[in-house]
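Hi,

Here is the structure I promised to pass on to you. Please open it alongside this email, and my notes follow underneath.

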Amino acid sequence: EAMQGIPRMRRDIWPRRDKCVLVEVVDDIHRAQKAGKLAVGIQLEGFRCLERNLDMIDIYYALGVRLCHPIFNITNSIGGGCADGNDNGLTRFGRRVIERMNEVGMVVDGSHAGHQSQLDMIEISSAPVVCTHHGVHAIYPHIRNLTDDVIRGCAARNGVVGITGAGYYLGGMPSPELLFRHIDHVVQMVGADHVGLGLDWTADTDRLKQAFAAAPDVWGSLDQWQPIAFCSPDMLWPTVMLMERAGYGDEAICAIIGGNWLRVANAVWK
């Protein structure tokens, strides 16, 4: 499925090249920005598609994949998932996956992994680890949300925590105020250099509901995925205004709304 999906995504971007730039190197992001275009990257959710073949990491990187979270909710051959409740950390194979991702220049994402597996990724990785789309567990204790020790560990290795705009992670109907509350928690704990936006936005919530219902082993009870609503892109400027009112300087705001992700890409991609 991955080998079919990635070429299809690349082909979908090609006829839109007047508006989009496919990102494979950091210069592509700068090129898109200067041209007023949207920079589009290809990522993977879950590494079941490796089928225990480490060499496939090289192939996916060659096809343009620059970030992957190796575990998606449920435990696999790499490590424990957040939804299974029996996370024993990364397996021996999982440790080799992280090492190979470091070697080729693919960013390691701790999203959807279990707590111990996230800590293991941070410890093992020689490059910064990110957690791209989460809420804060101390604010709303969802199974997917990051605990303070993972946030501190990620920051200590120069990683970035991305705050989601999904209502079921934020703990209510999405709003700039609720999004800022989660952002500010991380900023106050580890500083603005380790926070980003990972809105996880989709306009097609009906399709997402169908995906949840179709895979109960992956998602569990639908009760914990409510409300199925998201911070839309037009909420970004009101969120920036809240940062300004809270005393965030321009440098901190620029880091949060994109600069920190760019720093990680510069540090990891090859």
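Below is what I found for one pair of helices and one pocket. Please keep in mind that this is a predicted model.

**The helix pair**

Have a look at helix 4 (residues 92-104) and helix 5 (residues 115-124), whose axes come within 10 Å and cross at roughly 45°. An angle that is neither under 35 degrees, nor over 145, nor 65 to 115 counts as oblique, and helix 4 and helix 5 are therefore oblique to each other. As for handedness, helix 4 passes helix 5 in a right-handed crossing. On the helix 4 side, the contact is made by Arg95, Ile98, Glu99 and Asn102; helix 5 brings Asp120, Met121 and Ile124. Sorted by class, this contact of helix 4 with helix 5 has three nonpolar residues, three charged residues and one polar residue.

**The pocket**

The other place to visit is the second largest pocket, with a volume of about 170 Å³. Its lining consists of Arg10, Ile13, Trp14, Arg17, Cys20, Val21, Leu22, Arg31 and Lys37. Two elements, helix 1 (2-13) and strand 1 (20-22), give two or more residues each to the lining of this pocket. Which element gives the most to the lining? That is strand 1, with three residues. By class, the lining of the second largest pocket divides into five nonpolar and four charged residues, with no polar ones.

Happy to talk any of this through once you have had a look.

Best wishes

Methods: Residues are numbered from 1 along each chain as its sequence is written. This is a predicted model: local features need pLDDT of at least 70, side-chain atom pairs count only at pLDDT 80 or more; totals for chains, interfaces and linings use all residues. Side-chain values use heavy atoms; hydrogens and water are left out. Axes are lines fitted to C-alpha atoms, for helices over the stretch in contact, and angles run from 0 to 180 degrees between N-to-C directions. Helices (H or I, at least four residues) and strands (E, at least two) are DSSP runs, numbered from the N terminus. A crossing is left-handed if the near helix is turned anticlockwise from the far one by less than a right angle, and right-handed if clockwise. Contact means heavy atoms within 4.5 Å. Ala, Val, Leu, Ile, Met, Phe, Trp, Tyr, Cys and Pro count as nonpolar, Asp, Glu, Lys and Arg as charged, and the others, Gly among them, as polar. On a 1 Å grid over the protein atoms alone, a cavity is a set of points where a 1.4 Å probe fits but cannot get out, and a pocket is an open set with protein on both sides within 12 Å along at least five of seven lines; lining residues have an atom within 4 Å of a point. Grid points are joined across faces, edges and corners, and a volume is the space filled by probe spheres set on the points.
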